[in-house]
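Here are my comments on the model you sent round, set out as numbered points. Please read them with the structure open beside you.

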Amino acid sequence: MQGRMSAQPFTLFRTKVAPGKRTAIDIPVSRDAADSVVSLPVRVIHGRKEGPVLFVSAAVHGDEISGVEVARRLIRKVSPKSLSGTLIVVPVVNAFGFVANSRYLPDRRDLNRSFPGRVDGPLASRLAYLFRTEIMERADFGIDLHSAAMHRYNLPQVRVSNESPRALELARAFAPPVIMTSKLREGSMRAIAHEIGVEMLVFEAGEALRFDPMSTRIGVNGVLRTMQAMGMLALKRPKRSPHPTLEASRSMWLRAPRGGISSIRAESGRIVKAGQTLAIVRNPMGDEEFAVTSPVDGIVIGHSRLGVVNRGDALIHLAQIGEADTSLDPDTEEWFSGVMLDEHEVV
Ligand SMILES: [Zn+2]
């Protein structure tokens, strides 16, 4: 990064940020029913030297708070003095849902299905419009932080479009336990990013309404490694990922065969074989028992935390591995078959 040009001031929402400075900018979204202004809180960390612009966002789904802690730590860790380029952090995109412990906007709309958004649309659409025009269109690359929905846990994982080689390259730099390549979902931030030429990663980790140390640490270190790969900062001790990364492109939900009491036998992070029992659903009297078995060799990337289930409830999210995807070497298998999720202190 030596020899880079000094940066020019960076302007966001009519606010000019000098090189080597950090600034708080609140972009007004609306007034709520009690007449309080609700805004999109943004922190801009503008490096002394020029370089790419990266946005990091969290709580697009208001109850998915694990990324909020990742964003908070990034704001504290990244110094504008040693940064090349600009880091835009939006720790709480959906402030309405965040304060109400809800995934949605007050009108029950899902922000991540409301892109590209309209300035005069419903609240979710207006918020999507503001985020797209003020944040996404100013950036070269983005990382959006999510968790599993309520009552589910996600193994820390990065999702990238199978049409974005650059995003896959940066997902590998992020080095999460699992990279899932998948199609883009209509109305999502990732789909509209692709359309406007901003590549991005989605990081999924942990459970809605909960913080967990492993998700936080893998998230913070992953974003820092991605920034290093983008030439934005040089880590003093390169933070090598302490675990291998598996790549998969096919995943499936295994569902409860009937209602009953659920017992998960293979939690997130477990490598499993075809035919292995991953969950058991029993009736409360204890005289009937149904096993949910794995149809393929794979790794559990998400699991239900609900004890009582109905027929068809999602129990296990399984990514297929082997064959076309990464094959397992013995070290990798040993790491994943270890105590990863029993001890939340692996990294
Ligand atoms: Zn989400």
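The points below take up the metal site and then the salt bridges.

1. The model is a predicted one, and the zinc site is a reasonable place to begin. The protein donors of the zinc ion are His 61 through ND1, Glu 64 through two entries labelled OE, and His 146 through ND1, and they lie 2.1 to 2.6 Å from the ion. Along the sequence these donor residues follow the spacing H-x2-E-x81-H.

2. On the geometry of that site, the angles among the 4 donor atoms run from 55 to 147 degrees, and the site is classed as irregular. The class follows because a tetrahedral site would need all angles between 85 and 135 degrees, whereas the angles here extend from 55 to 147 degrees.

3. Where in the chain do Glu 64 and His 146 sit? Glu 64 belongs to the loop between β5 (49–58) and α1 (66–77), while His 146 is in strand β7 (residues 141–146), so that the pair links parts of the chain 82 residues apart. Both Glu 64 and His 146 are buried.

4. Turning to charged pairs, the count comes to 14 salt bridges. One of them joins Arg 159 to Glu 204, with the closest N and O atoms 3.8 Å apart, a value to be read against the cut-off of 4 Å. Arg 159 lies in strand β8 (residues 152–161) and Glu 204 in strand β10 (residues 199–206), a separation of 45 residues. Glu 204 counts as buried because its relative accessible area is 10%, and the limit for that class is under 20%.

5. A salt bridge also forms between Glu 247 and Arg 172, at 2.7 Å from N to O. Since Glu 247 is placed in strand β11 (residues 246–248) and Arg 172 in helix α4 (residues 165–174), the pair ties together parts 75 residues apart in sequence. Glu 247 is partly exposed, at 22% relative accessible area, and Arg 172 is likewise partly exposed, at 46%.

6. Arg 258 and Glu 288 form a further salt bridge, in which the closest N and O atoms are 3.3 Å apart. This pair connects two loops, with Arg 258 between β12 (251–255) and β13 (260–264) and Glu 288 between β15 (277–282) and β16 (289–293), 30 residues apart. Arg 258 is partly exposed at 25% relative accessible area, as is Glu 288 at 37%.

7. Finally, salt bridges with shared partners join Glu 64, Arg 103 and Asp 110 into one network. Glu 64 is also among the zinc donors, which brings the discussion back to the metal site.

How values were computed:
Residues numbered from 1 in each chain as written. Predicted model: local features only at pLDDT ≥ 70, side-chain atom pairs only at ≥ 80, totals over all residues. Heavy atoms only, no water. Salt bridge = Lys/Arg side-chain N within 4 Å of Asp/Glu carboxyl O. Helix = DSSP H or I, 4+ residues; strand = E, 2+ residues; numbered from the N terminus. Buried < 20%, exposed > 50% of the residue type's maximum accessible area, 1.4 Å probe, protein only. Donors = N, O, S within 2.8 Å, 3.2 Å for Na, K, Ca; no water. Tetrahedral: all angles 85-135°; square planar, octahedral: opposite > 155°, others 65-115°.
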